[in-house]
Amino acid sequence: MGEGNRHTVSILESLLDTTEMVKNPVEVFEKYRKKHGSTFKFNFGGLRKTIVTADPDFLEYVLKENNSNYHKSHIQVKRFVEFQGKGLTNSHGDYWLRQRKLLSLGFTRSRLTEMLPLQLQVLQDFMNDFDAEASKGAVNIHHQMVKFTLRSVGKSLFGSQMGNEELERFASTIADIQSFIVKKVVQPYLMPWYAISGQNQKYQEMRIKGDQIVLNYIEKRRAEDTNESDILKLILSTPYKDTGEFMSDETVKVEILQLLVAGNETSTTAATWAFYLLAKHPEHIKKIRNEIETVFAKEEISYKGLHQLSYTLAVLNESIRIRPPFWMIDREALEDDEFNGIKIPAGTTVVPYIYGVHHNNKIWDNPNIFDPSRFENGNEKKMHQFAFIPFGGGPRVCIGQNMAIMQILLVMSSIIRNYDIELADTNRVGLHAMMLLKPDGPIQINFKKINS
Ligand code: HEM
């Protein structure tokens, strides 16, 4: 059962916090959570009826048990469809299920194993550049992780023929469009300005150009026969089970772009925070390095081996707990509902508050303390399934979570194996929360080669 400790934030309080909400929504939500309990009612911008919850039982109810009554909010879906087209991340019902079934085939354990050689090649290339950068002085870790995850996600999706420069150019167009969509979702009151200033048109034109690049690439890939096991090839060569038909080029384009958007910045953000937190807590580095040496001393890096890096994974999990890239997600109730005495009228926005549940002191002892032992020795198996939900939960749980973990473990283990790390700047790093929870400024880290 839930905690029963739930209250309503007054309309006046919500209105007074509107400016602060734009600047630092996590701080405002944390203030309400501490004052009103794990679940609180609140009016977005003073108007939109919202229930925010950091209660694992309630999260399980919304995301899993009664998930069919909770769709992604229609405003968010509308904005994303406008620029991305309808695909896995912004559809529901039968259409979503059919796409999910087919696309999941790209992320199975055996697929990830097949992808590893290409990932190792990406890693090797990246490490060559990284070594050169690190020898010059402090490194902007976010920039480095952008480079690594873009190549890593990009090549898993598009295959090795997509060159790094092409990928970077293309991804930066997508990223610009993405930030514009997020602005439209987060600051809807600027809507008239987006139209008058010509921004709507500018970004639609950019989208059309980006779409064309992918469509050309799809056409090229259809024509050639390679042995690669990238996701584009899988989608092009796998028919839907129900009808035996293949996805149209238009649908392939939407899905592949959505996967790139969903998988790129999220992993970059997670890896950036992981290095930052490790640099703040260097006492864990030796143990990680010993583990890497034990697992990989004699053998090639393998998918199975990565799964034996249990301490490294515990450190990664703890860093994703403290700094979850998605700090919240959103849902909207389709029909009237009730959970644990809380009335949820149709149309109510329900916010699964990921950062909140990860910092809920009813679940975690000293939640602000970085302590990887929470995820060691089977401790993670004892926790509520919805106490740790960086990848969401229920049927819409992140399709790419194993790929993300594989990529981040690869880059963490390669760097930590060779470098000691130390923050170059000890200024406090704050939170910048839009759709994702990012650092509020650059993080510079000194990487000192060991034994040199
Ligand atoms: C650390 C990295 C990542 C994090 C923290 C993350 C987080 C999430 C979360 C929280 C959701 C659920 C959204 C919701 O229910 O509203 C989600 C969904 C999704 N993620 Fe990830 N993700 C990551 C990496 C990836 C990667 C690498 C890919 C693919 C290349 C990916 C593809 C997707 C897709 C397609 C969905 C939508 C699934 C659906 O609606 O059925 N993600 N992710």
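This briefing covers the ligand shell, the nonpolar cores and a three-stranded sheet of the structure above. The model is a predicted one. Helix α13, residues 249–280, gives the most both to the shell around the ligand, with six residues, and to the largest nonpolar core, with 16 residues.

**Ligand shell**
- The ligand is surrounded by 23 residues, of which G263, T266, G392, C398 and G400 come nearest.
- At least two residues of the shell come from α13, and at least two from α19 (401–418).
- In terms of class, 14 residues of the shell are nonpolar, six are polar and three are charged.

**Nonpolar cores**
- The largest nonpolar core comprises 74 residues.
- Within this core, L260, A274, F275, I408 and L409 have the most contacts.
- Apart from neighbours within four places in sequence, A274 is in contact with L316, S319, I408 and M412.
- A second core, separate from the largest one, consists of 35 residues, among them A54, Y70, Y353 and V357.

**Three-stranded sheet**
- Three strands form an open sheet in the order β5-β13-β10, and their pairing is antiparallel.
- Strands β5 (139–140) and β10 (419–423) lie at the edges, each pairing on one side only.
- Strand β13, residues 444–449, is joined to β10 by five bridges, and the two run antiparallel.
- E422 has N446 of β13 as its bridge partner.

Terms used:
Residues are numbered from 1 along each chain as its sequence is written. This is a predicted model: local features need pLDDT of at least 70, side-chain atom pairs count only at pLDDT 80 or more; totals for chains, interfaces and linings use all residues. A residue is near a molecule or strand if its C-beta atom, placed from the backbone, lies within 6 Å of it. Helices (H or I, at least four residues) and strands (E, at least two) are DSSP runs, numbered from the N terminus. Ala, Val, Leu, Ile, Met, Phe, Trp, Tyr, Cys and Pro count as nonpolar, Asp, Glu, Lys and Arg as charged, and the others, Gly among them, as polar. Two strands pair if DSSP finds at least two bridges between them. A nonpolar core is a set of buried Ala, Val, Leu, Ile, Met, Phe, Trp, Tyr and Cys residues joined through C-beta atoms within 7 Å. A residue is buried if 20 or more other C-beta atoms lie within 10 Å of its own, exposed if 12 or fewer, and partly exposed in between; C-beta atoms are placed from the backbone. Two residues are in contact if their C-beta atoms, placed from the backbone, lie within 7 Å.
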